[in-house]
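Biologist: I would like to learn how to read a protein model feature by feature, beginning with sheets. Could you take me through it slowly?

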Amino acid sequence: MNDCVLLGHGGGGRLSHQLIEQEIVARFGQGPLQTLPDAATLELDSRRICFTTDSFVVHPLEFPGGNIGDLAVHGTVNDLAVSGARPRWLSLGLILEEGLPLATLRRVLDSVQRAAEQCEVAVVTGDTKVVRRGQCDGLYINTSGIGEAIPGFALSLSRVGLGDCILVSGPLGDHGAAVLSAREGFQMQNGPLSDSRPVHRLVQSVADLAADIRFMRDPTRGGLATVLNEMTAGQSYGIRIRARDLPFSPGTNALAEMLGLDLLHVASEGCLVLLCAESVAAAILARWQALPEGVDARAIGRVTDQAGRVILETAIGGQRVVDVPSGELLPRIC
Amino acid sequence: MTRYIEGFRKMDAASHFRTTLAEQGRQLAEQGRSIHLMEVCGSHTMAIARFGIRDFLPAAISLVSGPGCPVCVTDPGYIDAAITLAGQGKIIATFGDMLRVPGSRTSLAEARAAGGRVEVCYSPLTAIELARNHPETEVVFLAVGFETTIAPVVAMLDAVIRQAIDNVSLLTAFKRVPPALSALIADPEIQIDGLLCPAHVSAIIGADAYRPYAEQYGVACVVAGFEPLDILYGLQGLTQQLLENRPHVDNQYGRVVKAEGNRQAQRLMEHYLLPADASWRGLGTIPASGLVLRPEFARFDAVHRHGILPTPGRINPRCQCGEVLKGKIRPAQCPLFGVACHPDKPLGPCMVSSEGSCAADFKYARGGA
């Protein structure tokens with residue numbers, strides 16, 4: 001086999017077959033994918049399922065702390081988890097650029113495999129296409145996911161009440177900062193590391209407290225600021241958070257200070273934001289902190305009566321509005 | 001590094017300033033006075049908004065934002081020229097803030113979407129790298145900025161000349177802070193009692209540059225850093241000067257700023273650049289407030305090299321950015337603020353740049369937190 005992806009790998013002939021057998025079936029062929037049917041046949045225990053899809057187009061494909069492969073698994077698994085579901089099955093759609101080194105593809109697929117195992121999900125169906133050089137940026141991935149709803153979760157913003165607590169499971173903005181620093185080639189000692197990781201165990205660890213959990217989200221694109229604004233938009237309540245309680249990693253913080261980025265606007269890929277009744281906040285934090293992915297979990301604020309407003313108490317005790325970012329995160333002039 | 005910064009963001013120290021400023025406010029009120037302090041620099045504007053510093057000020061002290069965002073004072077005609085060059089196949093290298101600034105008709109972000117090569121840089125040196133990687137075309141660096149930015153851009157030009165690279169040029173809109181301050185202070189319609197002088201601009205030009213404002217116009221001046229405690233300390237210092245009727249230049253940012261500034265940077269700037277009249281969006285033309293390439297370096301001037309005729313361009317007539325930049329109105333007093341003019345669809349430059357007063361107020365203080 002050549003050492004890079006050729007147009008013929010997507011042509012449906014022998015090369016295609018080889019690629020699928022050697023790279024896909026070898027990794028994911030234990031279950032329904034084994035005989036490469038046109039569709040996977042799945043059996044459910046539950047009557048309520050969650051179904052989601054996401055496409056991944058990150059540049060560079062590999063960055064400190066992860067690559068597009070584990071990101072594509074974690075992103076979809078996390079969307080299911082924060083909806084109160086136990087992730088079960090994934091599809092894997094690959095769009096490959098002619099000329100992509102096969103070694104890169106293998107590293108990415110190894111990551112998909114590892115991440116899927118770690119998340120206890122099976123890749124049960126998929127598709128591979130090859131496009132001409134220049135028509136895609138190396139490799140795009142789409143994953144769709146099916147999860148079974150965990151009984152007890154009734155997530156709805158209509159159940160939010162004054163004094164409810166906002167919790168986050170770990171440092172904010174690590175993924176966005178890591179990708180940015182890799183993209184721009186910043187050479188930083190102890191620089192940012194992506195937090196690409198699953199949050200399903202964090203959700204499952206608090207399933208028995210589900211009745212008092214109002215809402216969950218993973219703060220990906222747009223960061224915590226976007227999630228908090230989504231939680232309050234058009235509602236009769238607001239949210240107040242405290243800067244001194246927000247967890248940030250030192251490397252991420254350093255990059256943000258240098259570039260003038262507001263980390264509330266920067267993506268995480270392995271963090272959970274949860275809104276719950278005060279009565280269960282301490283128990284949730286204790287369970288999270290006992291898991292490696294929740295060691296840095298914190299309570300960061302509360303629900304207030306300031307309708308629709310997200311307010312930050314700043315590090316020095318002032319206060320300001322937390323707004324959503326308007327578009328691209330752009331470096332400032334000086 | 002972050003631990004070092006945290007030292008300038010301590011809540012207990014900030015509470016102390018809150019108490020002191022409240023006491024100063026009481027004394028001003030007793031004297032029947034209210035004072036107007038202007039933060040000149042866009043990075044101060046951002047930090048003030050980001051850390052909620054207006055919360056710390058008593059009613060007798062008002063803080064207005066000055067013209068210190070280089071993006072905000074750039075004419076739309078400049079953007080038009082950059083877009084023209086992008087249309088000719090040149091690579092436009094720019095700091096990110098410029099991307100969404102409205103030109104007369106369109107922005108660089110739209111030009112990029114239409115196929116123009118627009119590259120966002122974190123350092124002027126990226127222009128050299130781009131030029132090396134693309135010998136077939138020319139890299140035009142958008143040389144916008146105050147003294148802080150001018151120094152590293154000129155250092156880049158110096159490297160271009162030393163390394164005999166011929167496919168880099170500058171589209172200049174350099175601005176000098178002191179002439180703009182002089183114009184504002186001399187404007188009878190604007191009341192400025194004290195200036196929170198910029199941090200990094202002062203590192204280049206030196207704290208002594210502000211002496212004429214204190215000595216001739218009686219304006220209190222404090223050079224302050226960008227951290228919240230720096231700013232609170234600066235505001236307290238300005239108020240104290242005014243309470244004691246003893247305006248002078250106080251350099252509180254001695255860890256970075258010297259009285260005489262950075263001589264090496266000044267020499268480099270002088271070698272390559274000459275003062276010239278410059279047009280400031282919203283303020284008009286201010287004599288000797290710009291810097292342009294000396295004639296002997298004209299071959300690195302994109303305007304000269306490509307025979308572009310720069311025009312001031314067309315500004316939306318309802319845009320009040322000029323009044324905001326002069327500190328005459330707060331952003332929320334502009335009828336377009338947050339309605340027709342929004343960070344997602346900015347009409348005026350103050351809403352575009354993250355350092356712009358309107359963007360800072362929209363982002364951090366809409367309607368008062």
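Biologist: How many bridges join strand β1 (residues 35-41) of chain B to strand β7 (residues 194-197) of chain B?

Modeller: Before the answer, a word on the material: this is a predicted model, in which local features need pLDDT of at least 70 and side-chain atom pairs count only at pLDDT 80 or more, while totals for chains, interfaces and linings use all residues. Residues are numbered from 1 along each chain as its sequence is written, chains are lettered from A and ligands numbered from 1 in the order in which they are written, and side-chain values use heavy atoms, with hydrogens and water left out.

Modeller: Strands of a sheet pair through backbone hydrogen bonds, either parallel or antiparallel. Here three bridges join β1(B) to β7(B), and the two strands run parallel; within this pair, B:E39 stands opposite B:L196 in β7(B). Two strands pair if DSSP finds at least two bridges between them, and the elements themselves are DSSP runs numbered from the N terminus, helices being H or I with at least four residues and strands being E with at least two.

Biologist: In what order do the five strands of that open sheet in chain B lie?

Modeller: The order is β2-β1-β7-β8-β9 of chain B, with parallel pairing. At the edges stand β2 and β9 (249-251) of chain B, each of which has a single partner strand, so one side of each is left without a neighbour in the sheet. From one strand to the next the twist averages 20°, where angles run from 0 to 180 degrees between N-to-C directions and axes are lines fitted to C-alpha atoms, for helices over the stretch in contact.

Biologist: Which strands of this sheet does α11(B) touch?

Modeller: Helix α11(B) packs on the sheet by touching β1, β2, β7, β8 (220-223) and β9 of chain B, and its direction makes about 160° with that of β8(B). Contact here means heavy atoms within 4.5 Å.

Biologist: How should I read two helices that pack together?

Modeller: Two packed helices are described by the angle between their axes and the distance between the axes. In this model, the axes of helix α2 (residues 11-30) and helix α11 (residues 228-243), both of chain B, come within 10 Å and cross at roughly 20°. That makes α2(B) roughly parallel to α11(B); angles under 35 degrees count as roughly parallel, over 145 as roughly antiparallel, 65 to 115 as roughly perpendicular and the rest as oblique.

Biologist: Which residues make the contact between α2(B) and α11(B)?

Modeller: Among them are B:F17, B:L21 and B:L28 of α2(B), together with B:L232, B:L235 and B:T239 of α11(B). The residues of this contact divide into 10 nonpolar, six polar and no charged, where Ala, Val, Leu, Ile, Met, Phe, Trp, Tyr, Cys and Pro count as nonpolar, Asp, Glu, Lys and Arg as charged, and the others, Gly among them, as polar.

Biologist: How many strands form the open sheet of chain B in which the pairing is mixed?

Modeller: Six strands form that sheet, in the order β4-β3-β5-β6-β11-β10 of chain B. Its edges are β4 (117-121) and β10 (273-280) of chain B, each with a single partner strand, so one side of each is left without a neighbour in the sheet. The twist averages 25° from one strand to the next. Seven bridges pair β10(B) with strand β11 (residues 284-293) of chain B in the antiparallel sense, and B:L291 in β11(B) is the bridge partner of B:P275.

Biologist: How do I judge the two faces of a strand?

Modeller: In a regular strand the side chains alternate between the two faces of the sheet. For strand β7 (residues 165-168) of chain A, both faces are covered, since A:C165 and A:L167 on one side and A:I166 and A:V168 on the other are all buried. Buried means under 20% relative accessible area, exposed over 50% and partly exposed in between, using a 1.4 Å probe and protein chains only.

Biologist: Is A:G234 buried or exposed?

Modeller: A:G234 is exposed, with a relative accessible area of 85%, and its place is in the loop between α6 (223-232) and β9 (238-242) of chain A. By contrast, A:T252, found in helix α7 (residues 250-259) of chain A, counts as buried at 1% relative accessibility.
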